[in-house]
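Student: I am new to this structure and would like a close look at one part of it. Could you pick a single spot, walk me through it slowly, and then show me how the rest fits around it?

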Amino acid sequence: MIETINFRRIMTFLCVVASAILYTCFLGYYEKMYADDWYCMFLLDAIFLLILIFELHFARSKSQLAENRNSYFVKFAIAFFVCCICGMIFVFLPLFARPVVIIPIIIFSVTNEMIAIICSCYFTILLSLTVSGDYYELLSHILVSVIGIIITQVIFVKKLQLFAYTILLCINTMIPIIFYYWEYREYSLKCVFFGCLCGLVSVSAAFICDKVVKPYADNEVNHYLLDMISEDYHLVKEIKNDSSNEYEHAKKVSEIAYECAKRVGIDANLCAASGFYYRLGKWMGEPHVISGIKKAQEMCFPAEVIYILSEYYGEDKLPSSPESALVHMVDALVKKMETMEGEFGKSKWNNEMLIYQTMNEFSSSGLYDKSGLGMNHFLNIREYLAKESMLV
């Protein structure tokens, strides 16, 4: 199944285009600019939008946007429009008192760092060139935005949040003060006050994105992981119609991987989705790994799922996460049990013996040495498979 052009995605990107034009027109009207200035600004819009289209396509092709192909563009369009509103508000703020780091924080919470850099450069360049025309403010805005993006990546890591918030507050306070001095060759208490205020506003924006926006995006990915293995999902229907045996195998692997993941405390939804589509490349044909990755990218699967598919049976690279290791061992075990079913029969004792033997072979093979799957995890998984799973 080849991915077709999605009308909803086109409409949301047109909303991004409209938002950019609105922002540009507002700046031009506010500054009462001449026609040739408007022409240059719209050329900047065209360049920005072309780069943005390229990066969006490139990021999706490299599986860096781990979300539903429809909802991702909707959230990005909303985030971009909010940034346009912020950019309009910045116009009325004093020089060196504009918390421009809010823009990359908002964009980064729904996309990746490269798209955040592109958008922050667009907003800050237009703002500095049209409203203030100040060289030092432009450098200050770009420096704050780039450092802000680097720090924002740390904000979403719980253990480092306090450190990240502190650094974000400091850079938004100190950098405008430094560039203000280079511009006017004097220090100003007013600049210090506005710098501190910008820092507090930026930290507040980062806190809101971390507690509200980012969890919403993550929860949507989790829901999508379950949606993509539901009975009414189009690819599930396609697999079921093509081969009932493959469908039953995929369903069994998905259910067993889900239960195992819950027992050892790793991502159960990811294991369920990856377990179901683990043989996707096999369904598509040779070469299995590349075919599976290509199909998953066409379907806009979450990046975590695609990465597990890229580690299919360790053909190109060994499992690098507990979820990838679990999905591999469950699929391999189910495959072996299905092959040996006629020889061993339905005896529970025989099935247990085969499971223990197979799992011990997996453990000694070294296949999971870099996966992060601990021995306690492995033992718990083995006991569940041998004593409680649907395999016995």
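Tutor: Happy to! Let's begin with Thr111, which has a relative accessibility of 11% and therefore counts as buried, the cut-off being under 20%. Please keep in mind that this is a predicted model. To find Thr111, look in the loop that runs between helix H4 (102-108) and helix H5 (113-132). Now look for Ala79 as well: 32 residues of sequence separate Thr111 from Ala79, and in space their C-alpha atoms are 9.7 Å apart.

From here we can step back to the whole chain. Its secondary structure consists of 17 helices and 0 strands. Among its 392 residues, 51% count as buried, like Thr111. If you take the contacts in the chain with a separation of 6 or more, 71% of them are between residues 24 or more positions apart. On the outside, the chain has an accessible surface of about 18,800 Å², and carbon and sulfur atoms make up 64% of that.

Next, a look at empty space inside. Rolling a probe the size of a water molecule over the atoms shows where such space is left. In this model there are 2 cavities of 30 Å³ or more, and the second largest cavity holds about 70 Å³ of space. Its lining includes a run you can follow along the chain, Phe96, Ala97, Arg98, Pro99 and Val100. Also in the lining of this second largest cavity are Ser140, His141, Val144, Asn172, Pro176 and Cys198. Helix H6 (135-155) and helix H7 (161-184) each provide at least two of the lining residues, and H6 contributes the most, with 3 residues. By character, the lining of the second largest cavity splits into 7 nonpolar residues, 3 polar ones and 1 charged one.

Let's finish further along the chain, at helix H9, which covers residues 234-242 and has Leu235, Val236 and Ile239 as its buried residues. Try looking down the axis of H9: these buried residues fall within an arc of 105 degrees, so they line one face of the helix. And what lies over them? The cover for the buried residues of H9 includes helix H10 (244-264), helix H11 (268-276), helix H12 (280-284) and helix H13 (288-298).

Notes. Residues are numbered from 1 along each chain as its sequence is written. This is a predicted model: local features need pLDDT of at least 70, side-chain atom pairs count only at pLDDT 80 or more; totals for chains, interfaces and linings use all residues. Side-chain values use heavy atoms; hydrogens and water are left out. Buried means under 20% relative accessible area, exposed over 50%, partly exposed in between (1.4 Å probe, protein chains only). Helices (H or I, at least four residues) and strands (E, at least two) are DSSP runs, numbered from the N terminus. The arc is that of the directions from the helix axis to the C-beta atoms. Contact means heavy atoms within 4.5 Å. On a 1 Å grid over the protein atoms alone, a cavity is a set of points where a 1.4 Å probe fits but cannot get out, and a pocket is an open set with protein on both sides within 12 Å along at least five of seven lines; lining residues have an atom within 4 Å of a point. Grid points are joined across faces, edges and corners, and a volume is the space filled by probe spheres set on the points. Ala, Val, Leu, Ile, Met, Phe, Trp, Tyr, Cys and Pro count as nonpolar, Asp, Glu, Lys and Arg as charged, and the others, Gly among them, as polar. Accessible areas come from the Shrake-Rupley method with a 1.4 Å probe; for residues, only the protein chains shown count as cover.
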